[in-house]
Amino acid sequence: MTVDKARVERLTRELLEAIGEDPDRPGLRQTPSRMAELYGEFFAGVSEDPAGPLARTISVSRGPAPDTLPSGAVLLRDIRFRSVCEHHLLPFAGHAHIAYLPGEQVVGLGALVKVVEILAARPQVQERLGEQIADAIADHLDTRGVLVVLDAVHGCVTMRGGRQPEASTLTISARGEFSDATARAELIALIGTGPATPGAVR
């Protein structure tokens, strides 16, 4: 099911009226259609299967580089993502860091990015988003362990309530061998050596 943009437009007009505004004044006339396009983009992942990008795998032993079998984890850092918090429909955004211990099958790195994008493009909470990413990889890819670290800044923290513009939220989701804190310590350290950018693990 795709986003019903016509209905979003109607409801946006109603919302503007509910807060005492005139949706027909010049500054707001295009707002309902803009909101429909925005929501179509923000929530495009609601009906999309996050396992889809993981369907095409590469054999480690019979693939293009059988002489370079991985002996450790594959770590993809600093995947930018943005999502919408389901509590207030305010955005949160930051970086995802994904590591997995390959079995016989590996996947293209772009597929991991796509998993994050699909699951982030729906009403979310950060804790669940990390768990869903970890589950999708652990359940649909041949792995011995999966680690997902999310570091994000939330609009509901920076823009309302206490208004803490410097606060970020860090969550860790682990499967398999990385469920052990000692086993994932090296990866956590490697993630922490990334560039000092907003939303990066510090």
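In the predicted model described here, Cys-85 counts as buried, because its relative accessibility is 5%, under the 20% limit used for that class. Cys-156 also counts as buried, with a relative accessibility of 18%. A search of the whole structure finds zero disulfides, and the two cysteines are accordingly described as unpaired: for Cys-85, the nearest cysteine sulfur is that of Cys-156, at 4.4 Å, and for Cys-156 the nearest is, in turn, that of Cys-85. Because a disulfide requires two cysteine sulfur atoms within 2.5 Å, the separation of 4.4 Å leaves Cys-85 in no disulfide.

The nonpolar interior was examined next. The largest nonpolar core comprises 29 residues, and the members with the most contacts inside it are Phe-81, Ile-98, Leu-112, Leu-129, Ile-133 and Ile-137. At least two residues of this core are supplied by each of the strands β2 (74–85), β3 (91–102), β4 (105–107) and β6 (143–154), and likewise by each of the helices α3 (109–120) and α4. The largest share, six residues, comes from α3. For Leu-112, one of the residues with the most contacts inside the core, the contacts beyond its neighbours within four places in sequence are made with Leu-54, Leu-76, Ile-98, Tyr-100, Val-107 and Ile-137. A second core, separate from the one just described, has eight residues, among them Leu-147, Val-149, Leu-187 and Ile-191.

Polar residues are also found in buried positions. Gln-126 is placed in helix α4, which covers residues 126–140, and this glutamine counts as buried because its relative accessibility is 1%. The side chain of Gln-126 reaches the backbone oxygen of Thr-169 at 2.9 Å. When residues up to four places away in sequence are not counted, Gln-126 touches Phe-92, Leu-150, Asp-151, Ala-152, His-154, Thr-169, Leu-170 and Thr-171, so that Thr-169 appears both in this list of contacts and as the residue whose backbone oxygen is reached by the glutamine side chain.

His-97, which lies in strand β3, likewise counts as buried, because its relative accessibility is 1%. The side chain of His-97 reaches the backbone nitrogen of Asp-78 at 3.0 Å. Asp-78 itself is found in strand β2, and its relative accessible area of 25% makes this aspartate partly exposed. The backbone of Asp-78 has a phi near 55 degrees, which is a positive value in a residue other than glycine. A phi near 55 degrees, again positive in a residue other than glycine, is also found for Leu-89. Leu-89 lies in the loop between β2 and β3 and counts as partly exposed, with a relative accessibility of 45%.

A search for pockets gave a largest one with a volume of about 330 Å³. This pocket is lined by 14 residues, of which Thr-2, Val-3, Asp-4, Val-8 and Phe-43 are the closest to its centre. Helix α1, which covers residues 5–18, gives the most to the lining, with three residues. Val-8 is found in helix α1, and at 14% relative accessibility this valine counts as buried. With neighbours within four places in sequence left aside, Val-8 is in contact with Val-3, Met-35, Ala-36 and Tyr-39; Val-3, one of these contacts, is also among the lining residues closest to the centre of the pocket. The C-alpha atoms of Val-8 and Glu-37 are separated by 9.0 Å, although the two residues are 29 residues apart along the chain.

Arg-62 provides an example of an exposed position. This arginine is found in the loop between β1 (57–59) and β2, and Arg-62 counts as exposed because its relative accessible area is 66%, over the 50% limit for that class. Between Arg-62 and Ala-185, which are 123 residues apart in sequence, the distance from C-alpha to C-alpha is 31 Å.

Key
Residues are numbered from 1 along each chain as its sequence is written. This is a predicted model: local features need pLDDT of at least 70, side-chain atom pairs count only at pLDDT 80 or more; totals for chains, interfaces and linings use all residues. Side-chain values use heavy atoms; hydrogens and water are left out. Helices (H or I, at least four residues) and strands (E, at least two) are DSSP runs, numbered from the N terminus. Buried means under 20% relative accessible area, exposed over 50%, partly exposed in between (1.4 Å probe, protein chains only). A polar contact is a pair of N or O atoms within 3.5 Å; within protein, one must be able to donate a hydrogen and the other to accept it, and residues adjacent in sequence count only if both atoms are side-chain atoms. Contact means heavy atoms within 4.5 Å. A nonpolar core is a set of buried Ala, Val, Leu, Ile, Met, Phe, Trp, Tyr and Cys residues joined through side-chain atoms within 4.5 Å. On a 1 Å grid over the protein atoms alone, a cavity is a set of points where a 1.4 Å probe fits but cannot get out, and a pocket is an open set with protein on both sides within 12 Å along at least five of seven lines; lining residues have an atom within 4 Å of a point. Grid points are joined across faces, edges and corners, and a volume is the space filled by probe spheres set on the points.
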